[in-house]
Every structure is written in C-alpha cells, then in structure tokens.
Amino acid sequence: MAVLVTGATDFLGSHLAMALRDRGVVVTGRDRGKLARLTALGLRGLPMDLAFHVSAADRDRIGPVEAVVHCAGLSSPWGRQSAFQAANVDATQHLLELSRQLGAKRFVFVSTASVYFQFCDQDGLREGDLPPEFVNAYATTKHQAEIAVLAHGDLSPVVIRPRGIYGAGDTTLLPRLMRVAARRRMPCFSPAGATDVTHVDDVVAACIAALDAPDDMGGAIFNVSGGVGVALPDVITAACIATGVTPRWRDLPFAPTLATVRMMERLAKCMPGYPEPPVTAYALGILRYRQTMNIDAAKKQLNWQPQVSFQEGVARTFKDGALRPGVL
C-alpha cells in the first residue's frame, strides 16, 4: 500500500515525496500548480486543505495507505493565532481521523525544534527539555499537534523535530537571510548565536527511518539536525558568498534592540492586516543565543545520523552560484 505525504507542494514534502515514489506515494497539497508538476513526474496527487474535514469522495480517491507522513503546516515567526490553530492543530486532528479511516499503521509527524526556544543559551537540548512557555504561536500549536498525534497510539506515531532545514528549493531559511542581507546591514550581537542547521536530504532520511521503525517505536520523539552548531554569522556569510552578496554587519546592544523590536510587534498587532514587522523578537533571539540539540536518540533508536555537512550542504544548495528550484 501507499504512503500518504501531506504538504508535498512545499519544500520538505516535495523532496520526501520524490524519495518515496517507488513506494507508490500519494501526495496532497494546496498549490495546484506544483501538485500538477508532481503528478507529471509520476506521483498520484490530490489538492487538499486539511484545515477542513476531508470529504468521503477525497478519502476514496486516496484509497488505503500503509502510513502517513505529515509535513504540512504553517511555519512562520509571525501570524494570527487563529491561522496557526487551523493549519497546525485542526489540520493535524483532521489528518489523524483520516489516517484511521485509510487503515494507516504508522503516522510520522514533522514537528519543529522551535518548541525548545528560550531567550538564553541552550546546548545539547534533549527531547524532554521543553520551556515553561513557548516563544510564539507557531511553537505553541506545533506542540499541541504533537500531543494530539501521540494520543493516537493505534497509529504507532513517531514525532521528529528538525532544526533549520535548508537545501535546493528552500524558500524560507537561507533565502530570507539573503534577502535581508541584500537590503540592509544585519544585526550583530556579542556573543553571536549558533544553531543546528539540517540539509533537507538528512531530514528526508530521518522521515524514512521513522516510517520503517519497529512498531514498538510508536510514541517516540526524535531530534533531527546536522549535529553541529553553526554560528549564525557563518550561515549568513556562506549563503551570501555563494550568491555574490556582500554581507554587512551592524553591532548592536541586544537588550535595547529586543525591547524596540517587541514594541514594533505590539504596534503591528494593532494595525490592519496584522503586518509582519521587519524583524521579530524570535529572529533576534536566534541571532543572539545558542540553541543546539542532542540527536543521540535518533542515532541509537532510528539508526539514523546526518550525512551532509554544512559545507557540503551549502555547495549542493547553491550549485553554480544560484539557489536551484529543486524538484519543483
């Protein structure tokens, strides 16, 4: 039977779908254009917005599946709580219901390492090291979705928490950094923050390892990362060099800068359209604090470990000096 991959028209989901195509993968997504391109490559696709209950007709079109990998979701440092609730919590609950109806025996949920974030240095974070309060609506709703997933023991659920996914076809992490670096000087704090970054191929391999894990692995959570903390200025510099952008830096004191940004956030929440401010408190925190993870559990229990170094990952991502469009 097939594997159902949600969010297949987005970055990670598209890479995973292509890696699983020999298994008879079924893909869903909201972008009809990208979905059509995937189906042209031989995949069976269905446009779907999981924020709504799945109709009986769509359920019949998908057909029985062996497993589900849930990559879809709203990933952003900014947005309305209601949007995150619909995309990350409601959608997950609808998919869990659908998975039971389709006869799935394994449910892999792609969560986020943002659930760990605090405004302080944290090294070697393990799966149980959650903060007393989550940093934003994204982290909050992804954790709520984790709880919902783990409550469905009959689906032998496995949760993975990747950190800083990048690679060919990335439209968020490195492109966002490059856009900012091209327009203005980047804030530089002392000491500078560092974090794990993870090439998309390693995340795909972790998803497949979770799919193939023994039944008794159900209910487990695994950190997934490149395994080495990389200073954020080094990440930005590497991306800029690969694309011909000259990074410019501006030394700033962290505490007053954070206070200013939080004031900007409060003002933005009062404006029509809820516009995202030029920088968020979360983004500043990533630039300032160390946030690295321990991946021993994934190594030992999933028999997985990262294969792509940051240097190799940057070379793959910016082949011929440009960010390639990836599989889509």
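Guide: Two cysteine sulfur atoms form a disulfide if they lie within 2.5 Å of each other. Keep that cut-off in mind. The model here is predicted.

Visitor: How far is the sulfur of Cys71 from the closest cysteine sulfur?
Guide: Cys71 is a buried residue, with 17% relative accessibility. The closest cysteine sulfur belongs to Cys207. A disulfide needs the two sulfurs within 2.5 Å. This pair is too far apart for a bond, because the distance is 5.2 Å.

Visitor: Which cysteine holds the sulfur closest to that of Cys120?
Guide: Cys120 is partly exposed, at 29% relative accessibility. Its sulfur is 20 Å from the closest cysteine sulfur, so a bond is ruled out. That closest sulfur sits in Cys188.

Visitor: How many disulfides does the count come to?
Guide: The rule asks for sulfurs within 2.5 Å. Cys71 and Cys120 are both too far from their closest cysteine sulfurs for a bond. By this rule, the number of disulfides is zero.

Visitor: What is the average pLDDT of the protein?
Guide: A score of at least 70 is reached by 97% of the residues. Residues 320–328 stay under 50, and the model gives them 26 contacts beyond four places in sequence. Over the protein, the average pLDDT is 92.

Visitor: In what order do the strands of the seven-strand sheet stand?
Guide: This sheet is open, and its pairing is parallel. β3 (44–47) and β12 (220–224) are at the edges, so each has one side without a neighbour in the sheet. On average, neighbouring strands are turned by 20° against each other, direction ignored. The order is β3-β2-β1-β4-β5-β7-β12.

Visitor: What angle does the direction of helix α2 make with that of β3?
Guide: Helix α2 spans residues 32–40 and packs on the sheet. There it touches β2 (26–29) and β3. Its direction and that of β3 make an angle of about 165°.

Visitor: How many residues of strand β5 are buried?
Guide: Strand β5 covers residues 106–110. Arg106, Val108 and Val110 lie on one side and are buried. Phe107 and Phe109 lie on the other side and are buried too. Both faces are covered, and the buried residues number five of five.

Visitor: Which residue of β5 is the bridge partner of His70?
Guide: Strand β4 (residues 65–70) runs parallel to β5, and four bridges join them. His70 is at the end of that residue range. Its bridge partner in β5 is Phe109.

Visitor: Which helix joins β4 and β5 in a β-α-β unit?
Guide: The unit is made of β4, a helix and β5. It is right-handed. The helix covers residues 81–102 and is α4.

Visitor: Which residue of β7 is the bridge partner of Val110?
Guide: β5 pairs with strand β7 (residues 158–162) over three bridges, in the parallel sense. Phe109 has Val159 as its bridge partner in β7. For Val110, the partner is Ile160.

Visitor: Which strands stand at the edges of the four-strand sheet?
Guide: This open sheet has mixed pairing, in the order β6-β15-β10-β13. Each edge strand has a single partner, so one of its sides is left without a neighbour in the sheet. Neighbouring strands here are turned by 25° on average, direction ignored. The edge strands are β6 (122–125) and β13 (229–231).

Visitor: Which residue of β13 is the bridge partner of Ala194?
Guide: β10 and β13 pair over three bridges. The sense is antiparallel. In β13, Ala194 has as its partner Ala231.

Visitor: Which helix packs on this sheet, touching β10 and β13?
Guide: The helix covers residues 232–243. Its direction makes about 70° with that of β13. The helix is α8.

Visitor: In which loop is Pro191 found?
Guide: The peptide bond from Ser190 to Pro191 is cis, with omega near 0°. Pro191 follows β9 (186–188) and comes before β10 (194–196). The loop is the one between β9 and β10.

Visitor: Is Tyr274 buried or exposed?
Guide: Tyr274 lies in the loop between α9 (254–270) and α10 (281–288). It has a positive phi of about 55°, although it is not a glycine. Its relative accessible area is 17%, and the cut-off for buried is under 20%, so Tyr274 is buried.

Visitor: Is Asn303 buried or exposed?
Guide: Asn303 also is not a glycine, yet its phi is positive, about 55°. It sits in the loop between α11 (296–301) and α12 (310–317). Its relative accessibility is 71%, and exposed means over 50%, so Asn303 is exposed.

Key
Residues are numbered from 1 along each chain as its sequence is written. This is a predicted model: local features need pLDDT of at least 70, side-chain atom pairs count only at pLDDT 80 or more; totals for chains, interfaces and linings use all residues. Side-chain values use heavy atoms; hydrogens and water are left out. Buried means under 20% relative accessible area, exposed over 50%, partly exposed in between (1.4 Å probe, protein chains only). Helices (H or I, at least four residues) and strands (E, at least two) are DSSP runs, numbered from the N terminus. Two strands pair if DSSP finds at least two bridges between them. A crossover is right-handed if, with the strands pointing away from the viewer, the path from the first strand over the helix to the second runs clockwise. Axes are lines fitted to C-alpha atoms, for helices over the stretch in contact, and angles run from 0 to 180 degrees between N-to-C directions. Contact means heavy atoms within 4.5 Å. pLDDT is the predictor's confidence in each residue, from 0 to 100.
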